[in-house]
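Student: I would like to learn how to read a structure that I have never seen before. Could we take a few features in turn, with the general idea and then the case at hand?

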Amino acid sequence: MSQSKVYNSAEEALKGVVSDGQTLAIGGFGLCGIPEALIEALRDSKVKELTCISNNAGVDDFGLGLLLQTRQIKKMISSYVGENKEFERQYLAGELEVELTPQGTLAEKLRSAGAGIPAFYTATGVGTLVAEGKETRDFDGRTYVLEHSLRADVTLIKAQKADKAGNLIFNKTARNFNPDCAMAGKITIVEVEEIVETGTFDPDKVHLPGIFVQRIVLNASPEKRIEKTTTKAVEGA
């Protein structure tokens, strides 16, 4: 009988999987759809010298910002890093390696890894610092740059629902990077708000099949912080 994919806690789900010097892909878009409990458990594990692939670097006291505070990250591969002062400080001080990657290119690097494609050509970044030192080639009169796919030792993602086989359903924006990160990981651990019995989902509604997921942990009450709250004054108030 196969071992259950469901673990009792984030700490238990990471046990025996994470170690110093690994490359991790972390799902989420800004603070939306980040695996909050798994990131906190990763901080508490004290593993270090990590390379983190993520759309963003969190904020100073939440998300991947927690791992920057504890100096557990040596390199960030990201498309946006503008909400984190500690990130800025470490980078300018030469304490953190940064590989800025255009957002669509980052998504395709992850997706391609999951599809078994080692590299691809894209027009994005041609003529900029992004293309420096990389192979270029012309197709139909346009120049493209060769980008290599990104494979992760471990992936941490967030989904709204999972069945016990690891089939996943994401909630709106959380679907942006989480599925691509999951596909790119050798081992994928998912944090979910609800776990149901296998067979509950309509197969046509599944966003990511369980073949990509090795471990599941329940976090029924995530914090779900908002990066920036924008409000409009009520007329007559």
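Student: Which residues does N56 touch, not counting residues up to four places away in sequence?

Tutor: The general idea is to set aside the sequence neighbours and to look at what remains. In this predicted model, N56 touches G28, F29, G30, L64, M76, S78 and Y80 once residues up to four places away in sequence are not counted. N56 itself has its place in the loop between β3 (50–53) and α3 (65–69), and its side chain makes a polar contact of 3.2 Å with the side chain of N55.

Student: Is N56 buried or exposed?

Tutor: Here one compares the relative accessible area with a cut-off, and buried means under 20%. N56 counts as buried because its relative accessibility is 5%.

Student: Where is Q72 found, and which residues does Q72 touch?

Tutor: Q72 is another loop residue, found between α3 and β4 (73–78). Not counting residues up to four places away in sequence, Q72 touches L42, R43, K46, V47, K48, E49, L50 and L67. Its relative accessibility is 4%, so Q72 counts as buried.

Student: Some of those partners lead back to helix α2, so which residues of helix α2 are buried?

Tutor: In helix α2, which covers residues 36–45, the buried residues are E36, L38, I39, A41 and L42. Just after α2 comes K46, which takes a positive phi of about 65 degrees.

Student: For contrast, is G127 buried or exposed?

Tutor: The same kind of cut-off applies at the other end, where exposed means over 50%. G127 has a relative accessible area of 77%, and therefore G127 is exposed. G127 is found in the loop between β6 (119–122) and β7 (136–139), and its C-alpha atom is separated by 9.3 Å from that of V145, 18 residues apart along the chain.

Student: How many cavities of 30 Å³ or more are there, and which residues line them?

Tutor: A cavity is space from which a probe cannot get out, and the count of those of 30 Å³ or more comes to two. The largest cavity holds about 40 Å³ of space, and its lining consists of I26, G27, G30, L31, I34, I39, S54, N56, G58, G63 and L64. By class, that lining has five nonpolar, six polar and no charged residues. The second largest cavity holds about 30 Å³ and is lined by N56, A57, G58, Y80, V81, G82, E83, N84 and E227, with three nonpolar, four polar and two charged residues among them.

Student: How much space lies in the largest pocket, and which residues are closest to its centre?

Tutor: A pocket, unlike a cavity, is an open set of points. About 290 Å³ of space lies in the largest pocket, and of the 20 residues that line it, L31, C32, G33, A174 and K224 are the closest to its centre. Strand β9 (residues 152–163) supplies the largest share of this lining, three residues, while by class the lining divides into eight nonpolar, five polar and seven charged residues.

Student: Finally, how does one read the protein chain as a whole, and what radius of gyration does it have?

Tutor: One may set the radius of gyration beside the value for a compact globule with that number of residues. For 237 residues such a globule would have a radius near 18 Å, and the protein chain has 19 Å, which agrees. The protein chain contains six helices and twelve strands, and 45% of its residues count as buried.

How values were computed:
Residues numbered from 1 in each chain as written. Predicted model: local features only at pLDDT ≥ 70, side-chain atom pairs only at ≥ 80, totals over all residues. Heavy atoms only, no water. 1 Å grid on protein atoms, 1.4 Å probe; cavity = no way out; pocket = protein on both sides within 12 Å on 5 of 7 lines; lining within 4 Å. Points joined across faces, edges and corners; volume = space filled by probe spheres on them. Helix = DSSP H or I, 4+ residues; strand = E, 2+ residues; numbered from the N terminus. Nonpolar A, V, L, I, M, F, W, Y, C, P; charged D, E, K, R; others polar. Buried < 20%, exposed > 50% of the residue type's maximum accessible area, 1.4 Å probe, protein only. Polar contact = N/O pair within 3.5 Å; in protein donor to acceptor, adjacent residues only side chain to side chain. Contact = heavy atoms within 4.5 Å. Rg over C-alpha atoms; globule rule 2.2 N^0.38 Å.
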